[in-house]
Amino acid sequence: MEEHPLSESSNTWETVVEECEAVAEEYRERDWHVVVALPGDVVPVPGTGDEVVSHVGLDVIVGDDVYPEVESAVEGVTFDEYEAFRAVEGGLVYLTLVVRATEDEVAVCLPLYYRLAETDRLFSLLRQGETMRTKVHPLDPEKGVEFVHEDPDPLLPPNWDDEPDPSAE
């Protein structure tokens, strides 16, 4: 069985979660409606063996207890901005992603992580001009909400679009 990417993580993940909660609290102090959704797993898509490409970006699985809150927050509003704070450590990209519907003062805060070793197809498709999306869904992948990122750079490691070095690990 494959080990979870955070199983040998440093304190970086805890820092990302704390940062996400702090950012959410800043929005709440400004009377925004905010949802924080901790992921059970985050996977870059499409993956290496995926034959069908449903979307290009990050697939975020949240608990069945949290998903209805995310779904309710996005209903009827237009998300028009996002910001991301990132760190790269030990083959993982860590993110605090805040997606905003500015007119309605709604924010969804997502602490995220993904393995760089799983990004070859994602980066290749982004280089070809595909639009990056973050899909948040419960265990049932038929459900879900998507956030579109016209500029994916804040979600990706620095120099992500450089050709990979075959000798790099």
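**Aromatic pairs and sheet architecture**

The structure holds four aromatic pairs. One of them joins Y27 and W32, whose ring centres are 4.9 Å apart and whose planes meet at 65°, so the pair is edge-to-face; the cut-off for this class is an angle over 60 degrees. The model is a predicted one, and the values reported here are computed from it. Y27 has a relative accessible area of 5% and is buried. W32 is likewise counted as buried, with a relative accessibility of 11%. Both values fall in the buried class because that class covers relative accessible areas under 20%. Y27 also has a charged neighbour: R30 lies over the face of its ring, 4.6 Å from the ring centre.

Two open sheets are described in turn. In one, four strands with mixed pairing follow the order 1-6-5-4. The edges of this sheet are formed by strand 1 (33-36) and strand 4 (81-89); each has a single partner strand, so one side of each is left without a neighbour in the sheet. Neighbouring strands are turned against each other by 15° on average, direction ignored. Helix 1 (residues 12-29) packs on this sheet and touches strand 1, strand 4, strand 5 and strand 6 (106-115). The direction of helix 1 makes about 170° with that of strand 6. Within the sheet, nine bridges link strand 4 to strand 5 (residues 92-101), and the two strands pair in the antiparallel sense. In this pairing, F85 stands opposite T96 of strand 5.

The other open sheet also consists of four strands with mixed pairing, here in the order 2-3-7-8. Strand 2 (39-45) and strand 8 (145-149) are the edge strands, each pairing on one side only. The twist from one strand to the next averages 15°. Strand 2 and strand 3 (residues 57-62) run antiparallel and are joined by six bridges. The bridge partner of P44 in strand 3 is L58.

Helix 2 (residues 67-74) is associated with strands of both sheets. With respect to the sheet of order 2-3-7-8, helix 2 lies across strand 3, strand 7 (132-137) and strand 8, and runs at about 60° to strand 8. With respect to the sheet of order 1-6-5-4, helix 2 lies across strand 1 and strand 6, at about 145° to strand 1. Strand 1 and strand 6 are also among the strands touched by helix 1.

Note on methods. Residues are numbered from 1 along each chain as its sequence is written. This is a predicted model: local features need pLDDT of at least 70, side-chain atom pairs count only at pLDDT 80 or more; totals for chains, interfaces and linings use all residues. Side-chain values use heavy atoms; hydrogens and water are left out. Two strands pair if DSSP finds at least two bridges between them. Axes are lines fitted to C-alpha atoms, for helices over the stretch in contact, and angles run from 0 to 180 degrees between N-to-C directions. Contact means heavy atoms within 4.5 Å. Rings of Phe, Tyr and Trp (its six-membered ring) pair if their centres lie within 6.5 Å; planes under 30 degrees apart count as stacked, over 60 as edge-to-face and the rest as tilted. Buried means under 20% relative accessible area, exposed over 50%, partly exposed in between (1.4 Å probe, protein chains only). A charge sits over a ring if NZ of Lys or CZ of Arg is within 6 Å of the ring centre and within 35 degrees of the ring normal.
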